[in-house]
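Open the model in a viewer and keep the sequence panel beside it. The stops below say what to select and what is there.

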Amino acid sequence: MKRNVIGALLSALVFPGTGQFYLHRRGRGWLLLLLAAGAAIVYADFAVDQATALADQVLAGSVPLDPAAMAARLEAAPTPLPETVAGIVFAACWIGGIVEALLVRER
C-alpha cells in the first residue's frame with residue numbers, strides 16, 4: 001500500500017494530523033493536531049456542561065427520567081456559536097488531513 005494512502009487512513013481513523021506525522025510532514029501534523037485537539041476540547045466541555053445541566057434537571061424533577069424527554073430537552077437547547085465553530089474546525093481538520101495526505105507525492 002502506498003505511504004500516502006496509509007497516511008490518509010491514519011488521519012481518517014486515528015486523529016487528524018497523525019497521517020502527516022507518518023509522512024514526515026511534522027509542521028502540518030502539529031497544526032492539524034493542535035487545531036483538532038483544541039476544537040475537541042471546546043466541544044467536549046460543552047457536552048459535559050449540557051449533560052451536567054440535564055442531570056441536575058432530572059434530579060430536581062423538572063425533567064422525567066425518560067430518554068425521549070431528555071433527548072427533546074437537549075434538542076431544544078440552542079448550540080452556542082463557539083461550539084458550532086469548534087465542530088466546523090474539527091471537521092475541516094479531519095477532511096483536510098485526509099486530503100492533504102492523499103495529495104503528498106512520493107519522493
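## Stop 1: α3 and α5

Helix α3 passes α5 in a left-handed crossing; a crossing is left-handed if the near helix is turned anticlockwise from the far one by less than a right angle, and right-handed if clockwise. The helices named here are DSSP runs (H or I, at least four residues), numbered from the N terminus. This is a predicted model, in which local features need pLDDT of at least 70 and side-chain atom pairs count only at pLDDT 80 or more, while totals for chains, interfaces and linings use all residues. Residues are numbered from 1 along each chain as its sequence is written, and side-chain values use heavy atoms, with hydrogens and water left out.

Select residues 26-60 for α3 and 81-103 for α5: their axes are 8 Å apart and the packing angle is about 150 degrees. That makes α3 roughly antiparallel to α5. Axes are lines fitted to C-alpha atoms, for helices over the stretch in contact, and angles run from 0 to 180 degrees between N-to-C directions. Angles under 35 degrees count as roughly parallel, over 145 as roughly antiparallel, 65 to 115 as roughly perpendicular and the rest as oblique.

To see the contact (heavy atoms within 4.5 Å), show side chains on both helices. From α3 the participants include Leu32, Leu35, Val42, Tyr43 and Phe46, and from α5 they include Pro82, Ala86, Val89, Phe90 and Cys93. The residues of this α3 and α5 contact divide into 13 nonpolar, 2 polar and 3 charged. Here Ala, Val, Leu, Ile, Met, Phe, Trp, Tyr, Cys and Pro count as nonpolar, Asp, Glu, Lys and Arg as charged, and the others, Gly among them, as polar.

## Stop 2: Tyr43 and Glu100

Pick Tyr43 in α3. Is Tyr43 buried or exposed? Tyr43 is partly exposed, with a relative accessible area of 42%; buried means under 20%, exposed over 50% and partly exposed in between, with a 1.4 Å probe and protein chains only. Not counting residues up to four places away in sequence, Tyr43 touches Glu83, Ala86 and Gly87. A C-alpha to C-alpha line from Tyr43 to Ala86 spans 6.2 Å, with their positions 43 residues apart in sequence.

Then move to Glu100 in α5. Glu100 is buried, at 14% relative accessible area. Leaving aside neighbours within four places in sequence, Glu100 is in contact with Gln20, Arg25 and Arg28. The side chains of Glu100 and Gln20 are joined by a polar contact of 2.8 Å. A polar contact is a pair of N or O atoms within 3.5 Å; within protein, one must be able to donate a hydrogen and the other to accept it, and residues adjacent in sequence count only if both atoms are side-chain atoms.

## Stop 3: His24

Select the loop between α2 (18-22) and α3, where His24 is placed. His24 has a positive phi of about 60 degrees although it is not a glycine. His24 counts as exposed, at 56% relative accessibility.

## Stop 4: α1 on α5

Add α1 (residues 3-13), which packs with α5 at about 175 degrees, with axes 7 Å apart. That makes α1 roughly antiparallel to α5. Among the contact residues are Asn4, Val5 and Ala8 of α1, and Trp94, Ile98 and Leu102 of α5.

## Stop 5: α3 and α4

Finish with α4 (residues 67-76): α3 and α4 pack at about 130 degrees, with axes 11 Å apart. The crossing of α3 and α4 is right-handed. Gln50, Leu54, Gln57 and Val58 of α3 meet Met70, Arg73 and Leu74 of α4.

Key:
Helix = DSSP H or I, 4+ residues; strand = E, 2+ residues; numbered from the N terminus.
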